Amino acid sequence: STGIDVTGTATMDGLVVESASSGNVVTNLILRNPVSGAIGTGTKIYFSCVAGDNRGSYIESASGASNATYLAFATNTVGADATEAMRIDSSGRVGIGTSSPFNGIDLRGTSATAGNTIQIVGNSVSTLLLGQDADGGVIRGQGGNNALKFYTGGTGDSAANASGSERMRIDSSGNVGIGDDTFAAGKLRVY
């Protein structure tokens, strides 16, 4: 059968689907494509800000081999149809810029661009950037004293420097200290 069964109160917010729950997780909405087993079949939620225009963003869930499903997120640029920007595959791997993630988090883009860089910012002061250029991988610390520090040990999921011991530091002048950060002996100091 076809139709809609919504129990709730009419509001000015569009469609509200609500069910009574006393602290339990409930399923309020199911989107289902009745064609099962076919690779590439699924459902999509589309978000558009222009009346009668299919250009916008969407979230899609579809089946792959052996009915393993993925969840894809698509966005668009001005005047273009939406294209996939991120995917979570059936194994829980996240792909950004790729629909076939190889690792837990797989970021793909153009070499040496901001679109292919992971940036971690703390209080808009210091930043850790992970990326690559034509020569290979790049790790860059900037802000604060522009130092890059390496720690080992520590407990739990604490802040990067909340526990553990600093083992090596590269300062803003290129001095490297291993086991010591005073650099009293020149460019490389091993303590």
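**Note on an all-strand chain with two open sheets**

1. N146 lies in the loop between β9, residues 136-143, and β10. In this predicted model, the phi of N146 is near 55°, a positive value in a residue other than glycine. Most residues other than glycine have a negative phi, which is the reason for listing the loop at the head of this note. As for its surroundings, N146 counts as partly exposed because its relative accessible area is 38%, a value that falls between the limits of 20% for buried and 50% for exposed.

2. Taken as a whole, the protein chain has zero helices and 13 strands, and from the N terminus on its elements run β-β-β-β-β-β-β-β-β-β-β-β-β. Of the 191 residues in the protein chain, buried residues make up 16%. The exposed surface of the protein chain comes to about 13,800 Å², and carbon and sulfur atoms supply 52% of that area. Among the contacts in the protein chain with a separation of 6 or more, 6% are accounted for by residues 24 or more positions apart.

3. The strands β1 to β6 form an open sheet of six strands in the order β1-β2-β3-β4-β5-β6, and the pairing within this sheet is mixed. β1 and β6, the latter spanning residues 105-107, stand at the edges with a single partner strand each, so one side of each is left without a neighbour in the sheet. From one strand to the next, the twist in this sheet averages 20°.

4. At the β1 end of that sheet, β1 and strand β2 (residues 57-63) run antiparallel and are joined by six bridges. Two of the residue pairs can be named here: F47 has S57 in β2 as its bridge partner, and T43 has S61 in β2 as its bridge partner.

5. The next pairing, between β2 and strand β3 (residues 69-75), is in the antiparallel sense and extends over six bridges. Here T69 in β3 is the bridge partner of S63, while Y70 in β3 is the bridge partner of A62. The hairpin of β2 and β3 has five residues between the strands, and in this hairpin S66 takes a positive phi near 55°.

6. Which residues of β3 point to one face and are buried, and which point to the other and are not? The side chains alternate along the strand, with Y70, A72 and A74 directed to one face and buried, whereas T69, L71, F73 and T75 are directed to the other face and are not buried. The two β3 residues named in the preceding point therefore belong to opposite faces, Y70 to the buried set and T69 to the other. On its further pairing, β3 meets strand β4 (residues 83-88) in the antiparallel sense over five bridges, and within it the buried A74 has E84 in β4 as its bridge partner.

7. A nonpolar surface patch of about 380 Å² is made by L29, L31, I45 and F47. One of its members, L31, lies in the segment before β1, which covers residues 42-47. L31 counts as partly exposed because its relative accessibility is 43%. Another member of the patch, F47, is the residue whose bridge partner in β2 is S57.

8. Four further strands form an open sheet in the order β10-β11-β12-β13, again with mixed pairing. Its edge strands are β10 (148-152) and β13 (188-190), each of which pairs on one side only. The twist in this sheet averages 15° from one strand to the next.

9. Within the four-strand sheet, β10 and strand β11 (residues 165-170) pair in the antiparallel sense over five bridges, and T152 stands opposite S165 in β11. S165 counts as partly exposed because its relative accessibility is 32%. Leaving aside its neighbours within four places in sequence, S165 is in contact with F150, Y151 and T152. With F150 in particular, the C-alpha to C-alpha distance from S165 is 8.4 Å, at a separation of 15 residues in sequence.

Methods:
Residues numbered from 1 in each chain as written. Predicted model: local features only at pLDDT ≥ 70, side-chain atom pairs only at ≥ 80, totals over all residues. Heavy atoms only, no water. Patch = residues over 30% accessible without salt bridge, like charges linked within 9 Å, V, L, I, M, F, W, Y side chains within 5 Å. Areas by Shrake-Rupley, 256 points an atom, 1.4 Å probe, with all protein chains shown as cover. Salt bridge = Lys/Arg side-chain N within 4 Å of Asp/Glu carboxyl O. Buried < 20%, exposed > 50% of the residue type's maximum accessible area, 1.4 Å probe, protein only. Pairing = 2+ DSSP bridges. Axes fitted to C-alpha atoms, helices over the stretch in contact; angles between N-to-C directions. Contact = heavy atoms within 4.5 Å.
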